[in-house]
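Please look at the sequence and the 3D structure together, and keep both in view while the following paragraphs lead you from one part to the next.

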Amino acid sequence: MTTTTPASKAPTEPPVRRRIPKLSINLRQYGIVAALAVIVILFQILTDGRLLLPGNVNNLIQQNAYVLILAIGMVIVIIAGHIDLSVGSVVAMVGAVAAISMNNWGLPWWGAVIVSLLVGAVVGAWQGYWVAFVGIPAFIVTLAGMLIFRGLTLVLLTGGTISGLPAEFTAIGAGWLPSYLGELGGRDVLTLALGILTAVALIVFQLRTRATLSRLDLPREPAASMWTKNGIAAIAIVWFAWLLSDYSGTPIILIVLAALILIYNFVLNRTVFGRHVYAMGGNLFAAVMSGVKTKWVNFYIFVNMGVLAGLAGVVSTARAGGAVASAGQNYELDAIAAVFIGGAAVQGGVGTVVGAVVGGLVMGVLNMGLSILSVDAAWQMTIKGLVLLLAVAFDIFNKRRAGGR
């Protein structure tokens, strides 16, 4: 009878801790923010400190609100691989409708705003139908729209101007929040409080996002980069609020812009619709094969663009204090330039709401700085064109370098 001895137990090895990959730093995204900072510092020096006077900072927001609103919608259009050349004409037409609805139809200011947004949605649906379901390229459809809606603006206004709009309406584009909390040392306390709360909320949100990624063992940004980025952003927000508090407080349109940025950043990054937009722009054939209802996505993209163009029409008309037939000239070019300067790819599939807003601010700072320096309007256009060309060239250069070509 043979006996067997138990096999020797293999030595146990300590568990290997899996290294969590870190996200690489997006040089394109950081580059445009750095470019904005450099441009601000440059013009602050060239204008002997006049660029960042509280009144100029306030005007920067109110004067460029229409560009930022249009850029938020345009970045979605461009990510999906389209373009919209009609938004400037839509802004003018909606402004005319808003003024007529208050002065001629007797609607209250809030009723005129609702009508304006509905008109924008109808315009977007009209253009979206031809693009999505008929198959006409967006360039052609919106080029036709640019002519159609500019012509309708002239018909509605008969080449004239409608002014004398209600104060509640004009406050949308040129008003400020009431000073509910009073003043401290001549500064609006509400504006300071909003700035501090926004900075704190930004850091808390980033920390929660990082904790979630860590818990799920997903790639995350290096801690040093994250703290540096958010620290600079928080300081900039509080400093910006400090400047505004010394003028008239918080512009109403700034609250509208902040809400739009939050909403559309969430839509693009956290919803099925946003993922479908990126998928279509990145590879349309793959998106179709994956079951994306591309026709309806395209349709809703243009409806959304129409609504935002309607809102920009309201803001532009409120800021001007009346509707004029020449409103909205070149607005589409400003919005498209802001999107491309902000990092969107010409081929589609790449772009962010925050990038588009930063691009719009770059254009706004250029406009204001050059105006303070009394640079001729022709040279202002030349400089802005060169900035746009360099931004797109830089994007193409990065793609070729990444592809090893």
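Helices here are DSSP runs of at least four residues, numbered from the N terminus. The structure is a predicted model, and every statement below should be read with that in mind.

A pocket is a good place to begin. Rolling a probe the size of a water molecule over the atoms shows where empty space is left. The second largest pocket holds about 630 Å³ of space, and among the 26 residues that line it, those closest to its centre are Y66, N330, D334, N367 and K384. Helices α2, α12, α13 (331-341), α14 (353-372) and α15 (377-402) each supply at least two residues of this lining, and α15 gives the most, with six residues. By character, the lining of the second largest pocket divides into twelve nonpolar, eleven polar and three charged residues.

From the pocket we turn to the nonpolar cores. In soluble globular proteins, nonpolar side chains tend to be buried together. The largest nonpolar core has 73 residues, of which I69, L70, M74, F169, I301 and V339 touch the most other members; the largest share of this core, 15 residues, comes from α2. If residues up to four places away in sequence are left out, I69 touches I253, L257, L260, L308, L311, A312 and V315. A second, separate core of 22 residues includes I39, I341, V362 and M363.

Another residue to find is I78, which lies in helix α2. Is I78 buried or exposed? Because its relative accessibility is 2%, and buried means under 20%, I78 counts as buried. Its contacts, again not counting residues up to four places away in sequence, are with I83, V339, F340, A344, A345, G348 and G349. Although I78 and V339 are 261 residues apart along the chain, their C-alpha atoms are separated by 8.1 Å.

Finally, consider helix α10, which covers residues 272-282 and in which G274, V277, M280 and G281 are buried. Why do these buried residues lie on the same side of α10? They cover an arc of only 125° around the axis, and this puts them on the same side of the helix. An α-helix has 3.6 residues a turn, so residues three or four places apart point the same way. The buried residues of α10 pack against α2 (54-79), α9 (252-270), α11 (284-289) and α12 (294-320), and α2 is thus a helix to which this path returns, since the largest share of the largest nonpolar core also comes from α2.

Notes
Residues numbered from 1 in each chain as written. Predicted model: local features only at pLDDT ≥ 70, side-chain atom pairs only at ≥ 80, totals over all residues. Heavy atoms only, no water. Buried < 20%, exposed > 50% of the residue type's maximum accessible area, 1.4 Å probe, protein only. Arc of directions from axis to C-beta. Contact = heavy atoms within 4.5 Å. 1 Å grid on protein atoms, 1.4 Å probe; cavity = no way out; pocket = protein on both sides within 12 Å on 5 of 7 lines; lining within 4 Å. Points joined across faces, edges and corners; volume = space filled by probe spheres on them. Nonpolar A, V, L, I, M, F, W, Y, C, P; charged D, E, K, R; others polar. Core = buried A, V, L, I, M, F, W, Y, C linked by side-chain atoms within 4.5 Å.
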